[in-house]
Amino acid sequence: MPRLTLAAAAPPALAATPLVRRAYAFAEHAHRGQRRKDGQAYISHPVRVARLLAERGYGEEVLAAALLHDVVEDTRVTLPEVRQAFGVRVALLVECVSEDMSLPGAERKRAYREQVRVGPADARAICAADKLCNIEDLRITAASGDHVALQRFHGGLHAQAQRFTAELEMLCDAGADQRLTDALRRGVAALQAEARRLSIFAPVEHALAA
């Protein structure tokens, strides 16, 4: 099944500026050895997010932040380290799209949505591109029938679709890039269709969008 978004590319596709090249090298080192839930090398995800934003004409600081958007949340890298290496603007965007992993699940998701909602428009663009890539990965995993991989996603497809719906509503209410939110809306609909097809429905108490 073809992707709605572009697959990961070789690093030179994003190497338009020294800042973007440094951000890629930093992110690749930070995520080295990590794998996504579908088994892909982790760096493939931020590269796809950055490529999606590059296609839409976003500048180098946004692309750098997109490449770095998971390093604080998912690696040992700290926000001060990002700020020192890439400057205040990039660090602010990374901070806006990083979840506070010290919070419990539902509270963490609510806090994340609120900080993106009140953050800069560029942070909402990164969030939208991130969720679009995530939902496409999940949709393809569901369509492939890889139930082992699907079990790694909390609450099943129904709960995941609810979470993405909550994030889509926040992005639309806050005024995110309409091209990205339109694509995300289509992605949510496709994921819901897969959930119905596979009859994977999580109990209400597992919904992360609460």
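Start with the whole chain shown as a surface: about 9,700 Å² of it is exposed, and carbon and sulfur atoms supply 53% of that area. Keep in mind, as you go, that this is a predicted model. If you then colour the residues by burial, those that count as buried make up 49% of the 210 residues in the chain.

**The fold as a whole**

Switch to a cartoon view, in which you should find 11 helices and zero strands, so that the order of elements from the N terminus on reads α-α-α-α-α-α-α-α-α-α-α. If you display contacts between residues with a separation of 6 or more, 71% of them join residues that are 24 or more positions apart.

**Helix 1**

Select residues 18-30, which form helix 1, a run of 13 residues that reaches 18 Å from its first C-alpha to its last, close to the 18 Å expected at 1.5 Å a residue. Show the side chains of Leu19, Val20, Ala23, Ala27 and Ala30, which are the buried residues of this helix. Because they cover an arc of only 95 degrees around the axis, they lie on the same side of helix 1. Turn the view to the other side of helix 1, where Pro18 and His29 are exposed. To see what covers the buried residues of helix 1, add the neighbouring elements, which include helix 3 (60-67), helix 4 (71-74) and helix 5 (79-86).

**Helix 2 and a pair at its end**

Move on to valine 47, which lies in helix 2 (residues 44-55). Is valine 47 buried or exposed? Its relative accessibility is 3%, and because buried means under 20%, valine 47 counts as buried. Now select leucine 67 as well: valine 47 and leucine 67 are 20 residues apart in sequence, yet their C-alpha atoms are 6.0 Å apart in space.

Next, select glutamate 55 and arginine 56, which form a salt bridge whose closest N and O atoms are 3.7 Å apart. Glutamate 55 is partly exposed at 48% relative accessibility, and arginine 56 is also partly exposed, with a relative accessible area of 22%.

**Helix 7**

Select residues 105-118, the 14 residues of helix 7, whose end C-alpha atoms are 20 Å apart, close to the 20 Å expected at 1.5 Å a residue. Its buried residues are Arg108, Lys109, Tyr112, Arg113 and Val116. These residues sit on the same side of helix 7, because the arc they cover around the axis is only 135 degrees.

**Helix 8 and its charged pairs**

How many salt bridges does the structure hold? There are 14 of them, and side chains of opposite charge can pair in this way when their charged atoms come close. Select glutamate 136 and arginine 139, whose side chains meet in a salt bridge with an N to O distance of 2.8 Å. The two are three residues apart in helix 8, which means that about one helical turn separates glutamate 136 from arginine 139. Both glutamate 136 and arginine 139 are buried.

Then select aspartate 130 and lysine 131, which form a salt bridge at 3.6 Å, N to O, and which are both buried. Add Arg163 and Glu167 to the selection, since salt bridges that share partners join Asp130, Lys131, Arg163 and Glu167 into one network.

**Helix 10**

Select residues 156-174, the 19 residues of helix 10, which should span 27 Å at 1.5 Å a residue and whose end C-alpha atoms are indeed 27 Å apart. Its buried residues include Ala159, Arg163, Phe164, Glu167 and Leu171. Centre on alanine 159, a member of helix 10 that is buried with a relative accessible area of 0%. Its partner for a distance label is alanine 195, which is 36 residues away along the chain, with 9.6 Å between the two C-alpha atoms. Just after helix 10, stop at glycine 175, which takes a positive phi of about 90 degrees.

**The nonpolar core**

Finish inside the protein, where the largest nonpolar core has 56 residues, of which Leu53, Leu68, Val82 and Leu171 touch the most other members. Helix 8 (residues 121-144) gives the largest share of this core, 11 residues. Select leucine 171 last and show its surroundings: leaving aside residues up to four places away in sequence, leucine 171 touches Val116, Arg124, Cys127, Ala128, Ala176, Thr181 and Leu184.

Key. Residues numbered from 1 in each chain as written. Predicted model: local features only at pLDDT ≥ 70, side-chain atom pairs only at ≥ 80, totals over all residues. Heavy atoms only, no water. Core = buried A, V, L, I, M, F, W, Y, C linked by side-chain atoms within 4.5 Å. Buried < 20%, exposed > 50% of the residue type's maximum accessible area, 1.4 Å probe, protein only. Helix = DSSP H or I, 4+ residues; strand = E, 2+ residues; numbered from the N terminus. Contact = heavy atoms within 4.5 Å. Salt bridge = Lys/Arg side-chain N within 4 Å of Asp/Glu carboxyl O. Expected span 1.5 Å × (residues − 1). Arc of directions from axis to C-beta. Areas by Shrake-Rupley, 256 points an atom, 1.4 Å probe, with all protein chains shown as cover.
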